[in-house]
Structures are given as C-alpha cells and as structure tokens.
Amino acid sequence: MSDVKKVVLAYSGGLDTSVIVKWLQETYDCEVVTFTADIGQGEEVEPARTKAQALGVKEIYIEDLREEFVRDYVYPMFRANTIYEGEYLLGTSIARPLIAKRLIEIANQTGADAISHGATGKGNDQVRFELGAYALKPGVKVIAPWREWDLTSREKLMAYCQQHDIPVDFTSQKKKSPYSMDANLLHISYEGGILEDPWAEAEEDMWRWSVSPEAAPDRPTYVELTYDKGDIVAIDGVPMKPHDVLSKLNELGGANGIGRLDIVENRYVGMKSRGCYETPGGSIMLRAHRAIESITLDREEAHLKDELMPKYAEVIYNGYWWSPERRMLQAAIDETQKNVSGVVRMKLYKGSATVVGRKSEQSLFDESIATFEDDAGAYDQKDAEGFIKLNALRLRIAAGKGRQQD
C-alpha cells in the first residue's frame, strides 16, 4: 500500500471520518489532507479544523460552498422539475458531484494521488463520489474504508478511538440520534433506527426542520417568487442570491409544516431502502416552477420535457452528474427555460404549498381565446368539428373494419 503517499479525505469531523484519518495514516502510511464543505448542513464546520489538527493533519481545507451548491447544482436540477420515483427531490444526490469535484481539485492542488470518503458499501453515496471522481480524474485511486476494514459497528469505532487516543466526545456519542442523517441546504434525510421497519411511523421528535402540519399556524402565509429564465431571483420583490432564496423558503416552508416525505426507494446498488426527508424549500420551488412553466412553455415543449425528467432524475440519483448524458439533457432543459420568467404567488398552509397566482410578460395564456364569455371571434368553435373528424379518421376506419376494442 506504499504507492499512496497522500490522500484527500472528505471529512466531517464526526466519529466515522475521525477514525478514517487515523486508519489511513496507519494502514497506508500516508499523509492525509482533510476537506470539509459547508453546503448548508446547519452545523458549524470550523470545529473540524481543531479535530483534524489533533489527528496530526497539516493540510486542512474548510470551504463555504453554499452559493455554488445552489446556483450550479440545485437550480439546474429544479429547472427540470426533477423528482426520483415520483417523490424524492434528490437532496443528498445533488450534493455529491460538488463534493467529488472539490476532492479532485484539492488532490490536484496538493499533489495527492488518492481520495477517500466515509460512505458505506451498502449505499448510493459511494457510487456517486467515485463516479464523479473517475469522470474528473480517470487515474485517481479511491480508498473506501468501509469496504476494507472490520470496524463494522459504532462500538468498534469507539473502541478504536480509545485505543488510538482519538479525541471523541463519548458522552455525546452515547446520546447520538438513532438515525443516520445527512443534511445540506436542500434537505435533511433520516434512515436507520425504527425506520428500518417500513410499517413503523416516524417519531414526531425525529423531524428537525419543520413543524407538523397539525401544529402549523392557523393562518396561511403568502409568498411571491420572481423567476428569470427558470430560476428564482427574488422573494416578495426582494432580489436574493440562490442560496439565500433556498434558506428563506426552508424557513417559510418549515414553519408551515411543508416538505415532509416518507418513502421506500430503490437504491442503485440494488436494495430497497426506507427513508424520511424534509425538503421544505424545495417542495415550494417544485410547485412554483411548474406553475410559471404552465403559462410560458409551449405544450409540446412542456410535454417532452416531462418525458425527459425521469431519465434526468435517474442520472442524478445514480451518480452520473458528470456524464455526457446529463450534459446533453441539461442543455435541452436549459434551452426550454429562456422564456420561463415571471411571478408565482404561493399559499403556504398546514403542510401544503398551493399555487394561487401566476403572471408573466412571456405568458402564452390568451384570455381572449380561453374565455367562456364572448371572445369577439378570437376562436371559431366550428373549426373544432374538422379537427375532431381528422383525428378520429383512423379510429373510424378501424371500426368500419370491425376492429372493435375489448
């Protein structure tokens, strides 16, 4: 294993990755560089510096990537109205390509010949990190400790810490949440614990970002979202950067009990997994974006885009953000957004985000044609007769041949 001289580790400062630092140093006899990303997980990342220093790490990278995360990853994904298997808004999936990119950039900058991560051998994240890494640096070596070591439980990890004098707050570890959680500015996820039984209802005190719909205010909250080319650029008329938009919508959505999800999904590695998610801001964004598209996109353009979306979602979920197919799909999606500008008014109330208004200078909605009142000749209803007969022609011919449908 002496071929590895330096490795860049995706480092959170928690128990798992603290053990990984020491394990890498001992097992590979290599220098470890740590990289900690602030992508809006809601926890201080700076303490990771002190923890890494205590483990003898000399090169420590701690970066605020919130703006890049939302601008370059979340926003492009939401232009496609992306959901996986009809429900999941891909909160964890969309963060991984950014982390993979920075791991590789830091490896290039520091002269490292390997990267490492703390994802397990059962999950999707190992695939996402590594597909991204190989796409950006084909010859990089990837070290995934969970696929190599025998530290297969929390008790074994804590024993390893004691044996190697790794600084860990054992009191807090014993009080650790029973759930495996992952958070960023788009969502927080929960797996494990009682959630491993798909029949068991999630405990109310599990949720971190939202009140229950029953406990939400009895008066609705109204919010107006301004779009420019498919992206939200202002809330209630106040211009905001993308990450500030998402933060504000998380606050508004969470206060109104919006964004909770409980699903069983199909992981790329083959197993089914039950997870709960809170995506308050993203849930609002999804509904609002479809609303502004409803008046600005051509019918066939919108329908074709909807047909492409499941494939696009699968590409992101499975870890192929840096693939040619994702770039191809993104180019098509972005082309549709040139006229997706305007304002959407949303009503937030007890777990629901309802569209109550939409307007745009690029609107294709023509009131003079759509009206149920006198349209002053804007639409000749007699034209519909020929339209129907022509579209029914093949059906009439088949029926005339006795090809009746069962």
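## Two domains, shared core and a pocket

The domain assignment, automatic or from a database, splits this protein into domain 1 (6-66 + 91-164) and domain 2 (180-297 + 339-359). Keep in mind that this is a predicted model, where local features need pLDDT of at least 70, side-chain atom pairs count only at pLDDT 80 or more, and totals for chains, interfaces and linings use all residues. Residues are numbered from 1 along each chain as its sequence is written, and side-chain values use heavy atoms, with hydrogens and water left out.

The C-alpha centres of the two domains sit 29 Å apart. Their contact (heavy atoms within 4.5 Å) takes 14 residues from domain 1 and 13 residues from domain 2.

Now for the inside. A nonpolar core here is a set of buried Ala, Val, Leu, Ile, Met, Phe, Trp, Tyr and Cys residues joined through side-chain atoms within 4.5 Å; buried means under 20% relative accessible area (1.4 Å probe, protein chains only). In the largest core, with 74 residues, Phe69 and Leu225 touch the most other members. Each of domain 1 and domain 2 gives at least three residues to this core. Another core, of 30 residues, lies apart from it and includes Val4 and Tyr160.

Beyond four places in sequence, Phe69 has contacts that include Ile39, Val74 and Leu186.

What elements give two or more residues to the lining of the second largest pocket? They are these DSSP runs, numbered from the N terminus (helices H or I, at least four residues; strands E, at least two):

| Element | Residues |
|---|---|
| strand E11 | 260-266 |
| helix H9 | 280-296 |
| strand E14 | 352-359 |

H9 gives the largest share, three residues.

Note on methods: Buried < 20%, exposed > 50% of the residue type's maximum accessible area, 1.4 Å probe, protein only.
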